[in-house]
Amino acid sequence: MALGESAVMDRRVIFCVDVDYFYAQCEELRNPALRAVPVVVCMYSARGEGSGAVATCNYIARRYGVRSGMPIYRARRLLRGVEGAAFISARDGFPYYEEKSAQVMAVLRSAADRFEQVSVDEAYLDVTQRVGSDFNRALELALNLKGRVKELTGLTCSVGVGPNKLLAKMAVDMKKPDGLTVVRPEEVREFLWPLPVGRLYGVGVKTEEKLREAGVSTIGDLARLPLERLVHLFGRSLGSYLYDAARGIDHEPVEEAAEVESISRMTTLRENTRDYNLIWPEMEALCEQVMEQVRLEGWMFRTISILLVMEDLTTQTRSHSLETPTNSLEVLKKVVRQLTTSYLREEGRLLVRRIGVKVSGLVRAHHQVSLREFL
Ligand code: DGT
Ligand code: CA
Ligand code: CA
């Protein structure tokens, strides 16, 4: 079809799916008695005795004012005297949260033309072709998908449907838990413009303050500022982002995870730690495993990365690119050792849970090592 790709691209249908109160809902799932009480999932810090922050909480706890990131002692104060209020350590739950996350992602992936996981409990789905750019069919698909996630994983999620990632993301935040919000292309302005400008994705506290000084309080006010003014205030990059975002314009594609452009291996540490002496032997073993595949498949690589999954499931990566491609195990180990030691010297109190080694920037080795020679 001559109009094909570009016509469809202009009428995309994107879902943003976010699991409701994720860690806390997982806790309810494995202990249904918790459904009736406030549940606070805690990240206790290494300092012990109750210090630390709230990772998340269920919606009953939210009615008392408990929020993610709040010190645990404040949550305790808010729930003082509330019968049955449960404080649960996230540390013991991570393997279970990961398992549930993988189950949810598998269901979501199967419903999408293109799929992009953005965090442990959130993903974008491009469903344009599946629904033929039709928002009525998209609504049906979203309801159906929520049902399937519930049925197959036991978890409820919220879905935002929009013509791009920006609007899908803002839509999903409108109604939680178990919400479904659809923003059709013709409704973009009436959806966006009445909202306070701080609600626009990408507008942080500082940007909001600066905008307020410029007389902007709603997204509609922002849309009235000329591009030159925004660029003057915020620079070219943020300025033009704000100009487009206020109009609901966003061309970011839903990015599938890249094709085989890298080779990596990961492992879970025996215990969560920041101790170099515990981490390095595992890193070294990963280097050897990566190298095995590199040599068998006849690659050279230019970029070397380490991946660290922290105890709260956030991920850190550190990379180094070489001048010229190599397939030397010695070089790989040396760089990985440097990246690891310098990472562990950085500030940070979170313990490391999983580690990985990745090589990318792959090119074919000139003289492919024959399998026989290698073995
Ligand atoms: P929601 O989406 O508002 O119903 O509630 P959550 O808990 O699903 O919130 P979300 O989607 O922002 O985060 C997903 C999970 O990530 C959450 O269950 C726990 C973790 N998380 C979120 N914020 C924090 C935080 O400030 N600290 C820590 N340690 N974990 C967090
Ligand atoms: Ca969530
Ligand atoms: Ca989320």
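**View 1. Val 159 faces a partner in the next strand.** In this predicted model, Val 159 stands opposite Leu 180 in β8. Strand β7, covering residues 157–162, pairs with β8 in the parallel sense, and the pairing runs over three bridges. In general, strands of a sheet hold on to each other through backbone hydrogen bonds, either parallel or antiparallel.

**View 2. Five strands make an open sheet.** Go across the sheet and you meet the strands in the order β5-β6-β1-β7-β8, with mixed pairing. At the edges sit β5 (114–119) and β8 (180–182), each pairing on one side only. On average, neighbouring strands here are turned by 15° against each other, ignoring direction.

**View 3. Helices pack on the sheet.** Helix α5, residues 94–109, lies across β1 (14–19), β5 and β6 (122–126), and runs at about 155° to β5. Then there's helix α7 (residues 165–172), which touches β1, β5, β6, β7 and β8. The direction of α7 makes about 140° with that of β7.

**View 4. A calcium ion sits among protein donors.** Which residues coordinate the calcium ion (ligand 2)? They're Asp 18 (OD), Val 19 (O) and Asp 121 (OD), at 2.0 to 2.3 Å. The site has six donor atoms and is octahedral, with angles of 80 to 171°. Asp 18 also bridges to a second calcium ion (ligand 3), and the two ions lie 3.6 Å apart. Val 19 belongs to strand β1 while Asp 121 is in the loop between β5 and β6, so this pair ties together parts that are 102 residues apart in sequence.

**View 5. Two of those calcium-coordinating residues, buried or exposed?** Val 19 is buried, with a relative accessible area of 4%. Asp 121 counts as buried too, at 13% relative accessibility, because the cut-off for buried is under 20%.

Terms used. Residues numbered from 1 in each chain as written. Chains lettered and ligands numbered in written order. Predicted model: local features only at pLDDT ≥ 70, side-chain atom pairs only at ≥ 80, totals over all residues. Heavy atoms only, no water. Pairing = 2+ DSSP bridges. Helix = DSSP H or I, 4+ residues; strand = E, 2+ residues; numbered from the N terminus. Axes fitted to C-alpha atoms, helices over the stretch in contact; angles between N-to-C directions. Contact = heavy atoms within 4.5 Å. Donors = N, O, S within 2.8 Å, 3.2 Å for Na, K, Ca; no water. Tetrahedral: all angles 85-135°; square planar, octahedral: opposite > 155°, others 65-115°. Buried < 20%, exposed > 50% of the residue type's maximum accessible area, 1.4 Å probe, protein only.
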